[in-house]
Amino acid sequence: MLTRRHVLSGAAAAAGLAALPPASADASRAADLFPLGVASGDPLPNAVILWTRLVHARLHKHVEVEWQIAHDERFRRVARQGRTIARPELAHSVHVDARGLDAGREYFYRFRALGRISPVGRTRTAGRGHSLRLGIVNCQDFQNGYWPAYLGLAAEDLDVVVHLGDYIYEYDPSSRFADRRHTAPQTAGLDQLVTLDDYRARHAQYKSDPALQAAHAAFPWIVTWDDHETENNYAGLIDEIDDTGAEHQTVAQFARQRAAAYQAYYEHMPIRADLRPGSTDLRIFRRFDFGRLLRLNVLDTRQYRTDQPGGFPGDFGLAEAGLANATGSLTGEAQERWLRAGLDHSPARWNVVAQQVMMSRIKFPNPTGAPVPPIVANLDQWDGYAPQRTRFLKHLAAAKVANPVILAGDIHSTWFSELRTDFDKPEQRPVAVEFTATSISSDFPIAFDGPLKAVNPALNPHVKYFDGSRRGYLRCVVNPSVWHTDVRTVETIDVPDAPVSTSASYAVESGSSVLTR
């Protein structure tokens with residue numbers, strides 16, 4: 001098996017050299033050309049995306065890249081192989097859609113270019129069996145600490161990892177760890193990225209982390225973005241509400257920034273998407289079927305959303321603003337129709353919506369400390385778009401969608417909730433469950449952890465579990481009769497490696513939408 005030790009040391013790459021034609025340099029020099037590692041993603045029953053990016057100071061022209069995908073890590077039984085071109089206009093990134101594979105099978109893959117052989121990655125096609133093992137991750141602020149959670153994730157036994165956004169952060173260099181300071185953007189002092197070079201450098205910095213490389217090399221990933229891959233709390237082509245002066249951008253200026261952000265995201269992700277360089281748009285909402293067991297609908301709640309309502313600083317404000325937002329949408333009409341159609345006609349036992357922000361209604365004690373109002377809502381979440389949420393939850397009930405499960409991230413804390421069409425009626429039968437994953441490293445203000453735990457039973461009785469004190473990920477094991485979720489957390493993010501343990505475990509039985517311990 002390809003272990004974490006193999007991924008980190010490069011031993012697996014060295015072991016597979018014999019199957020390729022002779023190279024002019026050995027695999028120990030792979031870092032000269034493949035410093036960002038390898039990754040795979042978007043698994044289908046017969047295909048998977050294989051990714052890498054060539055990085056070298058003197059690399060300016062088109063480069064031919066060979067790729068192989070095999071049944072064994074020594075590449076004695078090659079399943080598919082071929083050649084592709086790494087182009088400078090796409091930062092010499094490589095996206096191979098390896099097809100003709102068998103469903104539910106483990107494979108190993110690698111690349112060769114300019115006499116260098118990449119590290120070896122392990123991947124798996126979508127299966128049609130009776131069980132599925134998922135890892136759920138999000139929010140990895142490089143400057144806030146290290147990523148021992150990714151080392152723990154790499155050691156798990158998973159079929160696929162789902163990343164729910166905030167893969168990078170756009171902020172200026174500032175960290176209490178000398179080796180975790182962000183790359184310097186072209187224009188300092190804005191606390192945001194602007195140019196394509198800015199975004200490329202930041203993605204490359206994040207991808208250089210060995211723990212993240214280990215997690216990518218261990219499993220296929222299904223990714224979607226949230227706001228920080230472009231800019232905090234943006235909505236469509238609308239700049240962050242708190243930006244003033246030089247930070248504020250017109251719609252035309254922000255469109256250019258978003259085009260740069262989307263292109264850099266594509267260049268660094270193992271994603272199946274149709275990028276047109278320079279375009280302000282990139283469709284990434286898409287769907288994956290794992291036999292008749294699970295359908296995964298992956299949303300984009302940033303590119304098409306209307307502005308957050310109310311105009312409150314930080315988008316924290318009166319819940320009434322979200323309740324009155326009758327024309328507001330997180331998804332846009334076309335994506336909402338696509339989602340409903342996919343749920344209505346799904347053959348799957350479990351129907352999952354993987355998206356960015358919490359759908360649960362949450363009443364927060366005012367984080368500003370101001371006495372009025374004492375209770376506020378995060379209007380960047382579904383609470384800011386309450387009519388659309390009600391419409392969606394009522395549709396789940398009316399259409400009798402089988403076992404809806406919502407996955408969310410963004411808030412840097414763990415929340416497990418039962419979703420109802422009317423959150424003011426706790427006696428009402430829930431229509432779905434929601435699992436919100438904590439962050440890999442991004443900060444949750446510890447001062448709010450205790451107060452939220454104290455008020456949740458009264459203000460948010462549909463929340464069955466909350467913890468804001470720990471960083472980590474979710475591990476989900478699904479079969480036809482039950483969905484089981486473990487909260488996997490690390491003791492600290494102040495060091496690169498730390499133990500991972502299970503903080504809590506919850507389950508939901510098929511047909512119930514009720515969370516149990």
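Colleague: Which residues touch the most other members of the largest nonpolar core?
Modeller: Val137, Trp147, Tyr150, Leu153 and Trp221 do, out of 44 residues in that core. A nonpolar core here is a set of buried Ala, Val, Leu, Ile, Met, Phe, Trp, Tyr and Cys residues joined through side-chain atoms within 4.5 Å. Buried means under 20% relative accessible area, exposed over 50%, partly exposed in between (1.4 Å probe, protein chains only).

Colleague: Is this predicted or not, and what's counted?
Modeller: This is a predicted model: local features need pLDDT of at least 70, side-chain atom pairs count only at pLDDT 80 or more, and totals for chains, interfaces and linings use all residues. Residues are numbered from 1 along each chain as its sequence is written, and side-chain values use heavy atoms, with hydrogens and water left out.

Colleague: Back to that core, then. Which helix gives the most to it?
Modeller: H6, with seven residues. Helices (H or I, at least four residues) and strands (E, at least two) are DSSP runs, numbered from the N terminus.

Colleague: What does Leu153 touch?
Modeller: Leaving out residues up to four places away in sequence, its contacts (heavy atoms within 4.5 Å) include Val137, Phe219, Trp221 and Tyr473. Apart from this core lies another, of 33 residues, with Leu293 and Trp350 among them.

Colleague: New topic: which residues of H8 are buried?
Modeller: Gln335, Glu336, Trp338, Leu339, Gly342 and Leu343. On the other side of H8, Glu333 and Arg337 are exposed.

Colleague: What do the buried ones pack against?
Modeller: Strands S12 (286-290), S13 (294-298) and S15 (350-354), plus helix H9 (386-398).
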